[in-house]
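Q: How do I read a chain interface, and then a single residue? Please take me through it.

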Amino acid sequence: MRQHRLVVEGLSFYYGAVRALYRVSFKVGAGELAVVMGPTGSGKTTLLRCVNRLCDLHGRTRREGRILLDGRDIYAAGTCPTTLRRRVGMVFAVPTPLPLSVYDNVAYGPRLAGRGRRQELDALVEESLRAAALWDEVAGRLREPAFRLSGGQQQRLAIARVLAMRPEVILLDEPTSGLDPVSTLRIEELLRGLAGSYTIVLVTNNPRQAARLGAKVLFLYLGHLVEQGPARQVFSNPRDPRTQDFISGRVG
Amino acid sequence: MSKDRADRLAITALGLSGLLTGALLTLIVGHVLARGLPVIDAAFLLTAPERMGRAGGIFPSVVGTLAVTALAVAIATPLGVMTAVYLAEYTREGFFVRLCRFATAALAGIPSIIFGLFGFVLFVIRLGLGWSVLSGGLTLAIMILPIIIRTAEEAIRAVPRSWREISYALGGTRWQTVTRVVLPGALPGVLTGVMLGVARSVGETAAVILTAGTTLRLPRSPLDPVRTMAVHFFILAREGISMDQAYGTAAVLILLILGVNFVAYWLLGRITARRG
């Protein structure tokens with residue numbers, strides 16, 4: 001049996017009095033690419049932010065349920081969110097380079113973790129940029145400010161920045177929502193290549209992207225996990241009428 | 001009145017306001033420089049005053065101004081920036097933060113002579129520092145602290161939230177995020193606050209007369225008294241000693257502030273250009 005890297009059990013989340021998630025449960029195997037789809041406001045981003053504990057940064061929130069990474073509860077007492085976030089990387093919806101050079105953006109995470117030796121960093125930066133299919137375009141521009149890259153390049157830089165951490169899990173929050181179709185295809189190609197080596201959870205509001213990418217597809221609607229299963233089954237034979245409405249474009 | 005006319009009227013009124021402000025500034029600076037620049041030469045800057053300031057230069061006052069200001073900024077900048085970081089990054093909006101912010105705002109509104117009185121009682125008398133560079137610098141540091149805190153806090157809050165989240169998501173601790181992302185991003189705003197503090201210190205009279213003294217001698221140690229340029233100018237003009245010398249001093253004062261600003265923003269430009 002395949003080992004489950006990420007297990008979410010009965011997860012509920014509240015911003016003050018507003019409930020964002022209702023007892024969401026699912027499992028993602030090691031090296032699997034799971035796509036969480038759903039319309040805007042369905043709790044997809046909240047779900048991702050619970051997995052790397054970025055939601056800890058908000059005040060006045062409440063959480064119920066458990067999230068296990070390799071069998072360990074990431075919210076257990078004594079678990080350090082900083083250490084967790086080094087294992088669970090995140091790519092945000094808006095491509096945002098830090099106000100640093102291309103090189104320093106990729107080296108940011110490893111430096112925080114104390115890996116600052118020049119040679120080691122050089123190799124790590126090149127390896128990460130290659131893995132993010134960006135090396136050929138920026139090899140001669142490593143010292144340039146990262147904001148000079150195009151939007152699509154900036155998003156691949158964000159992926160390289162995460163890969164440089166050598167994480168186990170990569171979370172992507174609508175990573176192509178601000179990109180043109182060509183850049184979107186490049187990112188999707190890249191993610192298909194990364195699946196297998198990394199456990200990937202991608203969030204999207206575009207059912208067609210879910211169909212193109214997903215091995216496993218989850219449909220989140222107004223905080224409820226309505227349906228989950230292999231992509232082929234969810235798209236060809238959805239069990240819930242709300243899933244049918246979403247994938248046929250009537251909702252969302 | 002039609003919308004187009006209202007629009008044109010607004011443009012005219014706004015433009016005139018801008019023009020008036022610019023004209024006032026030019027008039028003041030121009031007047032001081034026109035009367036003061038002819039007085040300034042190397043000797044004026046580098047020799048001691050003679051006959052109570054009727055003749056000679058202002059060298060001791062230049063040194064005194066630089067010393068008192070440098071001390072004030074050197075104390076107030078780290079203290080102010082650390083306070084701002086604490087208020088903006090380490091606390092949630094609550095009673096204590098609001099109290100701190102209210103205290104800062106209130107402190108910023110206190111007339112400088114009150115700070116002078118406080119500095120006189122505490123540093124000059126109670127701590128026995130006498131009229132000195134040290135007493136003056138400490139007093140000015142307290143006076144400019146609220147300015148630096150407020151501008152730094154605003155600059156820190158203006159740093160995009162997304163930068164912080166990226167840093168946290170890459171395994172950054174709060175301190176790493178503050179030092180590597182937040183403070184570099186807030187640097188231009190922090191610098192503006194420091195420059196305001198420099199300008200206030202350089203131009204202050206009331207608070208330094210009471211704490212640094214009015215001697216015309218060159219200070220040899222931080223415990224010696226000094227007469228800053230602003231105080232020198234005030235005494236020369238107030239007691240009718242020499243208007244020419246007073247204008248000369250005022251012109252040096254203005255050039256000093258302009259010079260410090262120019263260098264600071266030039267440095268900032270170089271740092272941010274490298275960082276990208």
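**Reading the interface and one loop residue**

A: Start with the polar pairs. This is a predicted model. Between chain B and chain A, four residue pairs are in polar contact, both residues at pLDDT 80 or more.

Q: Which helices of chain B supply at least two residues each to the side that touches chain A?

A: They are α7 (161-169) and α8 (174-203) of chain B. With eight residues, α7(B) gives the largest share of that side.

Q: How do the residues on this side of chain B divide into nonpolar, polar and charged?

A: Six are nonpolar, eight polar and five charged.

Q: How many residues are in contact, and how much area do the chains bury?

A: Count residues on each side, then turn to area. Here 19 residues of chain B contact 28 of chain A. The two chains bury about 2,000 Å² between them, and 62% of it is on carbon and sulfur atoms. B:Ile166, B:Ala169 and B:Leu170 supply 29% of what chain B buries against chain A, more than any other three residues.

Q: How many salt bridges does the rule find across the interface?

A: Look for oppositely charged side chains. The rule finds one salt bridge. It joins A:Arg49 and B:Glu165, at 2.5 Å from N to O.

Q: Now a single residue: is A:Asp240 buried or exposed?

A: Check relative accessibility against the cut-off. Buried means under 20%. A:Asp240 is at 17%, so it counts as buried.

Q: Where does A:Asp240 lie, and what does its side chain reach?

A: A:Asp240 sits in the loop between α9 (231-236) and α10 (241-247) of chain A. Its side chain reaches the backbone nitrogen of A:Arg242 at 2.8 Å. Leaving out residues up to four places away in sequence, A:Asp240 touches A:Val226 and A:Glu227.

Conventions: Residues are numbered from 1 along each chain as its sequence is written. Chains are lettered from A and ligands numbered from 1 in the order in which they are written. This is a predicted model: local features need pLDDT of at least 70, side-chain atom pairs count only at pLDDT 80 or more; totals for chains, interfaces and linings use all residues. Side-chain values use heavy atoms; hydrogens and water are left out. Contact means heavy atoms within 4.5 Å. Buried area is the accessible area (1.4 Å probe) that two parts lose on being put together, summed over both. A salt bridge is a side-chain nitrogen of Lys or Arg within 4 Å of a carboxyl oxygen of Asp or Glu. A polar contact is a pair of N or O atoms within 3.5 Å; within protein, one must be able to donate a hydrogen and the other to accept it, and residues adjacent in sequence count only if both atoms are side-chain atoms. Helices (H or I, at least four residues) and strands (E, at least two) are DSSP runs, numbered from the N terminus. Ala, Val, Leu, Ile, Met, Phe, Trp, Tyr, Cys and Pro count as nonpolar, Asp, Glu, Lys and Arg as charged, and the others, Gly among them, as polar. Buried means under 20% relative accessible area, exposed over 50%, partly exposed in between (1.4 Å probe, protein chains only).
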